[in-house]
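Me: Please take a close look at a single strand of this model and at what surrounds it, and then follow the contacts outward as far as they help. I would like the geometry spelled out with distances and angles where they are available.

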Amino acid sequence: MEDRVTRTSRTSACRILAAAVCAAAVTLGAASPGVTAVRPSSTGGRSVPLRVATYNIHAGAGEDNVFDLDRTARAIRDLDADVIGLQEVDVHWGDRSGFTDEARELARRLRMRVFFAPIYDLPPAAGHTQRQRFGVAVLSRLPVVSAENHEITRLSTQSPDPVPEPAPGFAEVTVRAHGTLVHVYSTHLDYRPDPSVRRTQVDDMLGILAEDRGPKVLVGDFNAEPDAPELIRLWGPLADAAPDASDTYPALDPVKRIDVIATSPDAVVTRARTVDTAASDHRPVVADLLLRRHTP
């Protein structure tokens, strides 16, 4: 689900290339000691194994609505994923998360790289100097080659008469896994019962994905189950990586699967599951993939 917060009028996407990976939008950290970023392949080097996950972290609050970023970090660590797409990430947002930069803090605690893609970017709150931001992120053990905050259609949650218009918050990170470039996207689709905005968002995302070559993994809180009519255009270019996984929302007694991992045809899913945890109001989903090798 999505918080009702004001979106800025920002209109241009933020592109971060490998040469600028140490800029403010991307924090680099070494992978955890003793952890292999990409697991050894059992296919004689013909394919690349990758574990991916998606997790709406509810701004660091559990199903009990108590802010506890240590608990969030433990839940993410337990996934043991190489790349993780996060949604509902606060960066100096407000009291609910102690004005914490959750993207950098999680990256530091997990010793991972992070790219944060704000949906909302507001002036500092009274008594503070840092801008209030809220959006999605990607954590990675793997080297980040490039990262971009794309625009897709969004609908203001604060306007009394909102109009769909382009806005940022669709993150793309290209990582290098044993020489193979993999595009990983983290998204958070519209939460309203009316599916029209989600349908447009699907078209927008497919247009962005079509510009990239090689393996692609789209993860996120879709706010709709995979068989929803507005998502149907995804299935063909992509496949649902976890069709047999259990429901994800709400975390304590889930009744629907709205947290999704989708993969391009050059990715084979060997295992996928929903993880039982109440560290957020959503449950995370994790998938093990074998990717066809691809170099630029």
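Reply: What follows starts from strand S9 and then moves to salt bridges, a helix, a histidine in a loop and an aromatic cluster.

The model is a predicted one, and the values below should be read with that in mind. Strand S9 covers residues 180-188, and nine of its nine residues are buried. Thr180, Val182, Val184, Ser186 and His188 point one way from the strand, whereas Leu181, His183, Tyr185 and Thr187 point the other way, and the residues on both sides are buried.

On one hand, S9 pairs with strand S8 (residues 165-177) in the antiparallel sense, over seven bridges. Two residues lie between the strands of this hairpin, where His178 takes a positive phi near 50°. One of the bridge partners can be named: Thr174 is matched with His183 in S9. On the other hand, S9 pairs with strand S10 (residues 216-221) in the parallel sense, over six bridges, and His188 stands opposite Asp221 of S10. Between S9 and S10 the chain passes through helix H3 (residues 196-209), giving a β-α-β crossover that is right-handed.

Within S9, His183 deserves a closer reading. The relative accessible area of His183 is 10%, so this residue counts as buried. The side chain of His183 makes a polar contact of 3.1 Å with the side chain of Thr174, the residue that is also its bridge partner. A polar atom of the His183 side chain also lies 3.0 Å from the backbone oxygen of Arg213. Leaving aside residues up to four places away in sequence, His183 touches Glu172, Val173, Thr174, Asp212, Arg213, Pro215, Lys216 and Val217. Its C-alpha is 8.3 Å from that of Leu218, although the two residues are 35 apart in sequence.

Charged pairs come next. Side chains of opposite charge can pair when their charged atoms come close. The count for the model comes to 16 salt bridges. Asp190 and Arg192 form one of them, with N and O 2.2 Å apart, and both residues are buried. Another joins Arg198 and Glu230, whose closest N and O atoms are 2.9 Å apart. This pair links distant parts of the chain, with Arg198 in helix H3 and Glu230 in the loop between S10 and strand S11 (239-240), 32 residues apart. Arg198 has a relative accessibility of 4% and therefore counts as buried, and Glu230, at 7%, counts as buried too.

A further salt bridge, between the side chains of Asp80 and Arg141, has an N to O distance of 2.4 Å. Here Asp80 sits in the loop between H1 and S4, while Arg141 sits in the loop between S6 and strand S7 (144-154), 61 residues apart. Asp80 is partly exposed, with a relative accessible area of 31%, whereas Arg141 is buried at 11%. Both belong to a network of salt bridges that links Arg51, Asp80, Asp82, Arg141 and Asp288.

Asp80 leads on to helix H1, since it follows directly after that helix and takes a positive phi of about 50°. At the N-terminal end of H1, Asp68 acts as a cap, with a side-chain oxygen 3.3 Å from the backbone nitrogen of Asp70. In H1 (residues 69-79), the buried residues are Leu69, Arg71, Thr72, Ala73, Ala75, Ile76 and Leu79. These residues pack against strand S3 (47-56), strand S4 (83-91), helix H2 (102-110), strand S6 (132-140) and strand S14 (285-292).

The loop between S3 and H1 holds His58, which is buried, with a relative accessible area of 17%. A polar atom of the His58 side chain lies 3.0 Å from the backbone oxygen of Ala61. Beyond four places in sequence, His58 touches Asn65, Gln87, Glu88, Ser280 and Asp281.

Last come the aromatic rings, where the count is four aromatic pairs. Trp93 and Tyr120 form a tilted pair, 6.4 Å centre to centre with 50° between the planes; Trp93 lies in the loop between S4 and H2 and Tyr120 in strand S5 (residues 113-122), 27 residues apart. The rings of Tyr120 and Phe134 are also a tilted pair, with centres 5.6 Å apart and planes at 40°. Phe134 is in strand S6, 14 residues from Tyr120, and is buried at 0% relative accessibility. Together, Trp93, Tyr120 and Phe134 form one aromatic cluster.

Key: Residues are numbered from 1 along each chain as its sequence is written. This is a predicted model: local features need pLDDT of at least 70, side-chain atom pairs count only at pLDDT 80 or more; totals for chains, interfaces and linings use all residues. Side-chain values use heavy atoms; hydrogens and water are left out. Buried means under 20% relative accessible area, exposed over 50%, partly exposed in between (1.4 Å probe, protein chains only). Helices (H or I, at least four residues) and strands (E, at least two) are DSSP runs, numbered from the N terminus. Contact means heavy atoms within 4.5 Å. A polar contact is a pair of N or O atoms within 3.5 Å; within protein, one must be able to donate a hydrogen and the other to accept it, and residues adjacent in sequence count only if both atoms are side-chain atoms. Rings of Phe, Tyr and Trp (its six-membered ring) pair if their centres lie within 6.5 Å; planes under 30 degrees apart count as stacked, over 60 as edge-to-face and the rest as tilted. Two strands pair if DSSP finds at least two bridges between them. A crossover is right-handed if, with the strands pointing away from the viewer, the path from the first strand over the helix to the second runs clockwise. A salt bridge is a side-chain nitrogen of Lys or Arg within 4 Å of a carboxyl oxygen of Asp or Glu.
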